[in-house]
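Q: Got a minute to go through this one with me? I'd like to start with the pocket and then wander around a bit.

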Amino acid sequence: MSTYYSPLSTGEGLQSDMKAYEVALPVIPARDFRITDYGAKGDGVTDNTEVFRLAIAACAEAGGGRIIIPAGVWLTGPIVLRSRTELHTEAGALVTFSRHFEHYPLIASSFEGWQVVRCQSPIDGELLEDIAITGEGIWDGSGEAWRPVKRSKMTTSQWNRLVASGGVVERSDGDGNEEIWWPSASALEGGAIASRLHMEQVRELTAYEGVRDFLRPNMVSLRRCKRVLLDGPTFQNSPAWNLHPWASEHVTIRNVSVRNPWFSQNGDGLDIESCRYVVVERSVFDVGDDAICLKSGKDAEGRELGLPSEYITIRDCTVYHGHGGFVIGSEMSGGVRHVRVSDCTFIGTDIGLRFKSARGRGGVVEDIEIQRIYMKDIIMEAISFSFFYANLEGSARGSDLFQEISEETPVFRGIRISDVVCAGADTALLVSGLPEMPLDGLIIEGYNVTARNGVHCAHAKHLRIAGLNAQITEGSLIHLHQCRGAEVEGIRGRGADGRLLIVTGHESAGIVCREDDADEEGRQISIGPEVRSGVLIRR
């Protein structure tokens with residue numbers, strides 16, 4: 001049992017109490033079952049699917065224990081876990097999963113926030129207790145057999161080799177500007193068919209047989225499980241997402257390495273969805289999509305299920321390539337709350353801290369505290385809040401057009417980010433909030449950043465930026481648009497255009513600037529003509 005202390009917000013403002021929450025580790029009997037005792041061969045050719053099944057069955061019937069996988073290359077189909085079972089890979093063990101799609105039965109599963117039919121995951125478990133995957137070995141999902149690949153993400157020689165290997169090529173738009181390789185015609189055509197079946201609420205597995213090639217699985221899928229431990233191994237080359245605990249409790253992930261090719265479609269590292277009591281620590285991610293991501297279902301289905309991700313601690317992790325280092329959304333319809341992130345490093349990530357949603361999602365994200373984050377060479381925004389997500393890479397900018405507030409309106413509030421260093425980014429901070437539901441209660445304190453662009457905040461309220469030290473090469477240092485109740489204090493640096501602060505938008509109100517040297521060279525304040533008089537308050 002591990003106890004983690006975290007200041008959990010007790011209401012509006014900054015008041016908080018220290019609360020403890022316990023993350024229980026699995027309890028697994030000290031009993032070993034070596035797969036070689038059941039006839040397994042680590043030659044990389046022999047199919048060991050039945051051997052894994054027999055060993056796990058014997059372990060479960062004995063009351064639980066460890067399945068020992070020694071050094072070797074172990075080929076297998078999907079592995080279905082049982083309660084009180086630990087898969088332990090010794091140093092030198094490489095478990096590689098079958099490239100034959102027919103080896104993966106269709107099952108009811110979860111993907112991208114919806115309950116859907118998918119191929120069974122290479123490592124699969126549902127309604128289990130006390131399970132673990134440990135050791136120094138490597139789990140390889142053979143994702144290259146499943147994934148579509150965009151030509152724009154490969155060199156010419158790589159693309160030519162891929163096309164020569166088989167499959168089919170799709171031109172993705174009328175102008176033929178992008179080509180996508182698919183492993184088969186069924187995979188290419190399966191997306192539209194699977195989407196139609198899902199919208200029609202067809203749940204019979206047989207209805208999806210014709211699009212099996214499209215229904216690529218997440219590599220590790222653990223659904224409604226309790227007391228889960230992943231400690232030590234490398235998980236790599238997944239067909240889709242890599243690690244996906246869903247609706248599970250007491251999940252500990254530590255000392256793991258998670259790898260997917262940088263170009264891998266849906267190649268997320270870790271997606272924690274609708275889970276509670278989770279710790280992620282001392283792990284490394286280098287993936288093709290979001291690296292460490294919190295989710296809780298999508299749109300009406302996610303709101304109806306109503307399972308938030310909550311009581312989550314993430315610390316001492318490193319992210320290399322990824323669309324986002326630490327991410328919340330965009331599927332967050334069941335809510336995300338009571339999250340603590342600290343002492344993480346992002347190097348070369350597309351976006352560092354990424355919060356994303358869209359109208360239609362609904363849900364509430366609140367009580368998020370992030371501190372001591374270190375970033376270098378961030379390609380886009382170091383910190384991004386974008387609530388106009390359109391399933392595209394990067395942060396979408398919004399507009400000033402209001403829509404009616406409803407249960408479909410996402411809410412983000414009570415988020416505090418402190419002690420951040422970023423050595424190189426395109427944009428220091430982007431906030432693109434909804435006009436009808438601004439980002440509420442964002443606090444940025446102690447932020448040292450070198451970037452091309454400074455701070456751009458639109459549609460935020462109760463915003464505080466303090467202790468910002470920004471070196472930028474283009475534009476103004478801070479631009480606040482349609483912000484209400486914003487405060488800037490302790491700002492160091494100069495706008496490349498000579499302006500410390502720009503305020504625009506006729507809805508702007510209560511902008512407090514506590515800079516004594518405002519209006520000096522390089523630190524001018526500019527107010528848009530549409531801004532009402534008295535909006536800017538200097539103290």
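**Pocket, helix and two residues**

A: Sure. Strand 11 (114–119), strand 17 (179–182), helix 3 (185–199) and strand 32 (351–356) each put at least two residues into the lining of the largest pocket. Keep in mind that this is a predicted model.

Q: Which element gives the most to that lining?
A: Helix 3 does, with six residues.

Q: And how much space lies in the largest pocket?
A: About 1200 Å³. The lining has 45 residues, and the closest to the pocket's centre are Phe111, Glu112, Arg216, Asn266 and Asn391.

Q: How does the lining split by class?
A: There are 17 nonpolar, 11 polar and 17 charged residues.

Q: Back to helix 3. What kink does it have, and where is that centred?
A: The kink is about 40° and is centred on Gly191.

Q: OK, then how far apart are the end C-alpha atoms, and what should the span be?
A: The ends are 22 Å apart. With 15 residues at 1.5 Å a residue, helix 3 should span 21 Å, so the two agree.

Q: Which residues of helix 3 are buried?
A: Ala187, Gly190, Ala194, Leu197 and His198 are. Their cover includes strand 11, strand 17 and helix 4 (299–305). Strands 11 and 17 also supply residues to the pocket lining, as does helix 3 itself.

Q: What about the phi of Gln201?
A: Gln201 follows helix 3, and its phi is positive, near 60°.

Q: Switching topic: where is Val336?
A: In strand 31, which covers residues 336–347.

Q: Buried or exposed?
A: Buried: Val336 has a relative accessible area of 0%, and the cut-off for buried is under 20%.

Q: So what is Val336 in contact with?
A: Setting aside neighbours within four places in sequence, Val336 contacts Leu294, Ser296, Ser309, Ile328, Val364, Val365, Glu366 and Ile368.

Q: And how far is Val336 from Arg227?
A: Their C-alpha atoms are separated by 20 Å, and the two residues are 109 residues apart along the chain.

Q: Last one, Thr409. Where is its place?
A: Thr409 is in the loop between strand 34 (381–386) and strand 35 (411–423).

Q: It's in a loop, so why does Thr409 count as buried?
A: Because its relative accessibility is 8%, and anything under 20% counts as buried.

Q: What does Thr409 touch, then?
A: Not counting residues up to four places away in sequence, Thr409 touches Gly362, Gly363, Glu404, Leu434, Glu436 and Met437.

Technical notes
Residues numbered from 1 in each chain as written. Predicted model: local features only at pLDDT ≥ 70, side-chain atom pairs only at ≥ 80, totals over all residues. Heavy atoms only, no water. 1 Å grid on protein atoms, 1.4 Å probe; cavity = no way out; pocket = protein on both sides within 12 Å on 5 of 7 lines; lining within 4 Å. Points joined across faces, edges and corners; volume = space filled by probe spheres on them. Helix = DSSP H or I, 4+ residues; strand = E, 2+ residues; numbered from the N terminus. Nonpolar A, V, L, I, M, F, W, Y, C, P; charged D, E, K, R; others polar. Buried < 20%, exposed > 50% of the residue type's maximum accessible area, 1.4 Å probe, protein only. Contact = heavy atoms within 4.5 Å. Expected span 1.5 Å × (residues − 1). Bend = angle between axes of the 7 residues up to and from the residue.
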